[in-house]
Amino acid sequence: MTRNIVDVVVRNAQAQGATRVVRVRLIVGKMRNFERNWVQNYFDRFAKGTVAEGAQLEIDYVPIVFYCNACGATFQIQMGTGQRMHCTECGSDDYNMITGGELLIKEMEIA
């Protein structure tokens with residue numbers, strides 16, 4: 001996944017005539033389980049020798065939010081807690097995730 005991010009960053013930076021990428025800001029859903037340090041380490045590895053080498057990543061995390069199809073409530077469940085997955089309002093198992101799976105490049109600072 002991180003290699004794909006580097007590829008998109010490099011392609012867009014080159015298309016804009018950039019000689020260097022200074023900073024990349026990502027929007028990442030908590031469901032993706034991206035650890036900031038690991039993502040930066042892999043980004044550095046894949047960006048070596050490109051215009052993105054040395055770029056700093058900023059990550060804005062989006063919480064995991066569900067919509068209950070039974071009662072219309074929205075609710076959050078912290079992953080990895082062992083908590084049963086159900087609507088916190090009515091107890092239904094009929095729900096859809098509405099946020100938390102995002103992976104977007106929000107902005108890049110180039111030179």
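Contact is taken here to mean heavy atoms within 4.5 Å. In the predicted model, T2 meets this criterion with V39, Y42, F43 and F46, its neighbours within four places in sequence being left aside. T2 belongs to helix α1, which comprises residues 2-15. The relative accessibility of T2 is 10%; because buried denotes a relative accessible area under 20%, T2 is classed as buried.

Helix α2 (36-47) consists of 12 residues and extends 16 Å from its first C-alpha to its last, which is close to the 16 Å expected at 1.5 Å a residue. Its buried residues are V39, Q40, F43 and A47. Viewed down the axis of α2, these buried residues fall within an arc of 100 degrees, and they therefore line one face of the helix. The elements covering them include α1, β1 and β2, the last of these spanning residues 56-62. Two of the buried residues of α2, V39 and F43, are also among the contacts of T2. On the face of α2 turned away from the buried side lie the exposed residues N37, W38 and R45.

Backbone conformations with positive phi occur on either side of this helix in sequence. N33 is located in the loop between β1 (21-29) and α2, and its phi is positive, at about 55 degrees, although N33 is not a glycine. The relative accessible area of N33 is 61%; since the exposed class begins over 50%, N33 is assigned to that class. After α2 comes G49, which likewise has a positive phi, near 85 degrees.

An open sheet is formed by 3 strands in the order β4-β3-β5, with antiparallel pairing. The edges are occupied by β4 (74-76) and β5 (95-99); each has a single partner strand, so one side of each is left without a neighbour in the sheet. From one strand to the next, the twist averages 35 degrees. Strand β3, which covers residues 65-68, pairs with β5 in the antiparallel sense over 4 bridges. Within this part of the sheet, Y67 stands opposite N96 in β5.

Note on methods:
Residues are numbered from 1 along each chain as its sequence is written. This is a predicted model: local features need pLDDT of at least 70, side-chain atom pairs count only at pLDDT 80 or more; totals for chains, interfaces and linings use all residues. Side-chain values use heavy atoms; hydrogens and water are left out. Buried means under 20% relative accessible area, exposed over 50%, partly exposed in between (1.4 Å probe, protein chains only). The expected span of a helix is 1.5 Å times one less than its number of residues. The arc is that of the directions from the helix axis to the C-beta atoms. Two strands pair if DSSP finds at least two bridges between them. Axes are lines fitted to C-alpha atoms, for helices over the stretch in contact, and angles run from 0 to 180 degrees between N-to-C directions.
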